[in-house]
Amino acid sequence: MESPWAPLRRRMFLILWLAQLGSNIGSWMQTVGAQWFLVESSENPALVSLVQTANLAPSLMLGLIAGVLADAFNRRRLILGANIFAAGAATVLTVVATLGLLNPDSLLLYTFLIGCGMALSSPAWQAITPELVSRDEIRAAAALGSVAMNAARAVGPAVAGLLVAVAGPAFVFGLNALSFVGTSVAIYSWRAPRQDPAEREHVGEALAAGIRYIRAAPRVRRILLRSGLFIFPASAVYALLPVAVNGHLRLGSAGYGLLLGALGLGAVLGVLLLPRLRTVLPDNALLGGSAVVFAAGAFASGYLPPGAVAALLVPAGFAWICTFSTLNAAMQLTLPEWVRARGLSVYLMVAAGSQAVGAVFWGSGATGAGYAPTLAFAAGVLVLSGASVLVLPLLPGTGHLDRSVAGTELHLPSGGEPQPGAGPVTVLIAYEVPPDRNDEFVNAMHRVRLTRMRTGATDWELVHSVTDQDQFREIYDVPTWREYLRQEQTRTTGEDRQIIQHAWDLAEEEPRVRWFLPASA
C-alpha cells in the first residue's frame with residue numbers, strides 16, 4: 001500500500017504543499033475574523049452566513065472561465081497573478097479595518113474580491129498535481145491537498161479565535177495577506193513544463209470543448225452530483241456554527257475557533273486512516289457513511305452542550321475529508337489531461353456553489369425558524385443524501401480508466417490537408433456489419449457517440465441503409481480541422497480507443513473514413 005505521505009518526498013510538491021497549507025491557514029483565520037466581526041455587529045444569522053457566500057460565490061461565477069484559462073494559458077503565471085490580486089485585496093481590507101472604517105458591506109465586498117483571486121487560481125492548482133507526482137501517487141496527493149485544507153481548519157480557526165480576542169479582526173486579516181505573498185513566492189520558484197503556444201486552444205474553443213466534454217461524460221457528471229448532494233446540506237454547519245456558538249453554546253471567538261479546530265482535527269485523522277479504510281470499503285460506501293456521520297455533527301451543533309459538540313465534530317471532520325478526498329481523486333483520475341483543469345473547475349464550481357447557495361438557504365432558514373431546527377433539518381437531508389448512494393452511486397470505472405493518448409494516422413493524400421481553421425468538418429465513416437451483429441453494433445455505437453462528443457464533435461448520428469442491411473454510416477461534425485486534429489491526436493484516450501475498436505471489430509472489414517468541408521461557391 002502506497003504511503004499517504006509519498007508525494008511529500010518530491011521537493012517541488014512539498015514546497016507548493018507547504019505554501020498551500022499556509023494560505024489555507026490564512027484563509028481560515030480570515031473567515032473566523034470576518035464571521036466574528038459580523039456576530040458582534042449583528043445577531044442576524046443570514047448576515048453571518050453571507051461570509052461563506054461572499055467567499056465562495058466567485059468560484060461559482062468564475063470557476064469555468066478559470067478552468068478554461070488554466071488549460072489555455074500558462075498555469076504558473078495564472079496562479080501567480082491571482083495570488084497577487086488576492087494579496088492586494090486582503091491588504092486593503094487590513095488597512096480599512098485598522099483605521100476603524102470597516103462595516104458589514106465593505107467586509108463582504110473585500111471577502112468577495114479575495115474569493116475572486118482564489119477562484120481564478122484553484123483549477124490551475126488542482127490541474128498541476130499530475131505534473132508534480134506520478135499517477136500512482138495522485139490519490140495520495142489529492143488526500144494531502146485535503147490535509148492542507150483541513151490541517152489549516154484545525155490550526156487556523158483556533159489561533160484566529162485567540163488572536164481576534166486579543167488583537168482584533170484586523171490583525172488576522174493582515175496575516176491572511178501575508179499568506180498570499182508566501183504562496184506567490186513559492187509558485188514563482190516553480191518552473192512548469194514548457195508548452196508549445198501552438199498547442200494551446202483559443203479561449204472560445206477551450207470553453208466550448210470543456211462544456212461538450214462534461215455533457216458527454218456520465219462518470220464525471222455523477223461525481224458532480226454526489227458532490228452537490230453532500231455539500232449543500234453540510235454547508236449548514238459552517239454557516240450556522242458561529243450563530244450556535246453565540247447562542248446556546250455561549251462560547252466566545254476562541255471557543256468558536258476551537259470547534260472549527262475539532263472539525264480540522266478529524267480531517268487530519270481522516271488522512272491517516274483513509275488509505276487503510278479504502279482497502280476494506282468501496283468509494284460508494286465511504287460516501288454514504290460519511291454523509292450520515294456528518295449529519296450527527298450537524299444535529300449536535302444545534303442542541304448539545306459544547307463538549308458533546310466538539311466530540312461529534314471530530315468524526316464529522318473525518319467524514320468531510322472522506323467525501324472530498326474520494327470525489328477529488330475520482331475527478332483527477334477520470335479526467336484526461338487535455339481537459340483536466342476545465343473539468344476540475346466545474347467540480348470546484350459545484351462544490352463552492354453548493355456551499356455559497358447553501359449558506360444563504362440555511363442562514364435564511366435560521367432567521368425564520370431558529371438555528372437549531374434548521375441544523376436538525378440539514379442533518380435529515382444529509383441522512384437522505386447518504387442513502388441516495390444506493391440509487392445514485394459513482395459509476396463503474398470511475399477513477400480507473402486508461403487516460404493514455406496515442407495519435408492516429410489519417411492517411412491523407414499528399415498536399416491534401418485543409419487549413420487549420422477550415423470547417424465545420426463532417427466526418428463520415430462507412431461500416432459493413434453482418435445482419436446478425438446489427439443490434440450489438442448499434443449498442444456499441446451509443447458508447448462511441450459519447451466518445452466523439454467528449455472529444456470535439458458537435459453533432460453525431462448513426463444511419464442504417466434501407467436496402468442493404470449490412471450498411472451503416474456514422475456521421476459527425478467537428479467545428480474546425482484544427483479541432484478534428486486535436487480530437488484524433490491529443491484528446492482520444494486509451495479508454496476511448498477501446499470503445500471505438502470494439503465497434504469497429506464488429507464490422508466485416510476496416511471501416512472507411514472520409515472527411516467533408518462546406519463546398520465553396
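A residue counts as exposed when its relative accessible area is over 50%. With that cut-off in hand, let us walk through this predicted model, starting at the surface.

**Two exposed residues**

Leu384 sits in helix α14. Its relative accessibility is 61%, so Leu384 counts as exposed. If you would like to find Leu384 on screen, Leu229 is a handy landmark: the two are 155 residues apart in sequence, yet their C-alpha atoms are 9.2 Å apart in space.

Arg250 belongs to the loop between α9 and α10. Arg250 is exposed too, because its relative accessible area of 72% is over the 50% cut-off. Here is the pair side by side.

| Residue | Place | Relative accessible area |
|---|---|---|
| Leu384 | helix α14 | 61% |
| Arg250 | loop between α9 and α10 | 72% |

**Backbone points to check**

Most residues other than glycine have a negative phi, and most peptide bonds are trans. Which way does the phi of Arg250 go, positive or negative? Arg250 has a positive phi of about 55°, although it is not a glycine. A second backbone feature is the peptide bond from Gly423 to Pro424, which is cis, with omega near 0°. You will find Pro424 in the loop that runs between α14 (371-387) and β1 (425-432).

**How α9 meets α13**

Two packed helices are described by the angle between their axes and the distance between the axes. For helix α9 (residues 218-246) and helix α13 (residues 340-369), the angle is about 40° and the axes are 7 Å apart. Angles under 35 degrees would count as roughly parallel and those from 65 to 115 as roughly perpendicular, so α9 and α13 are oblique to each other. Their crossing is right-handed. What kinds of residue make up the contact of α9 with α13? There are 16 nonpolar and 7 polar residues, and no charged ones.

**The nonpolar cores**

In soluble globular proteins, nonpolar side chains tend to be buried together. In this model, the largest nonpolar core has 113 residues, and Leu16 and Phe294 have the most contacts inside it. Helix α9 gives the most to this core, with 15 residues. Another core lies apart from it and holds 24 residues, including Ile429, Phe441, Ala444 and Ile499.

Leu16 is a good place to zoom in. Beyond its neighbours within four places in sequence, Leu16 is in contact with two tryptophans, Trp125 and Trp190, and with Ile128, Leu132, Ala186 and Ile187.

Definitions and conventions: Residues numbered from 1 in each chain as written. Predicted model: local features only at pLDDT ≥ 70, side-chain atom pairs only at ≥ 80, totals over all residues. Heavy atoms only, no water. Axes fitted to C-alpha atoms, helices over the stretch in contact; angles between N-to-C directions. Helix = DSSP H or I, 4+ residues; strand = E, 2+ residues; numbered from the N terminus. Parallel < 35°, antiparallel > 145°, perpendicular 65-115°, else oblique. Left-handed = near helix turned anticlockwise from the far one by under 90°. Nonpolar A, V, L, I, M, F, W, Y, C, P; charged D, E, K, R; others polar. Core = buried A, V, L, I, M, F, W, Y, C linked by side-chain atoms within 4.5 Å. Buried < 20%, exposed > 50% of the residue type's maximum accessible area, 1.4 Å probe, protein only. Contact = heavy atoms within 4.5 Å.
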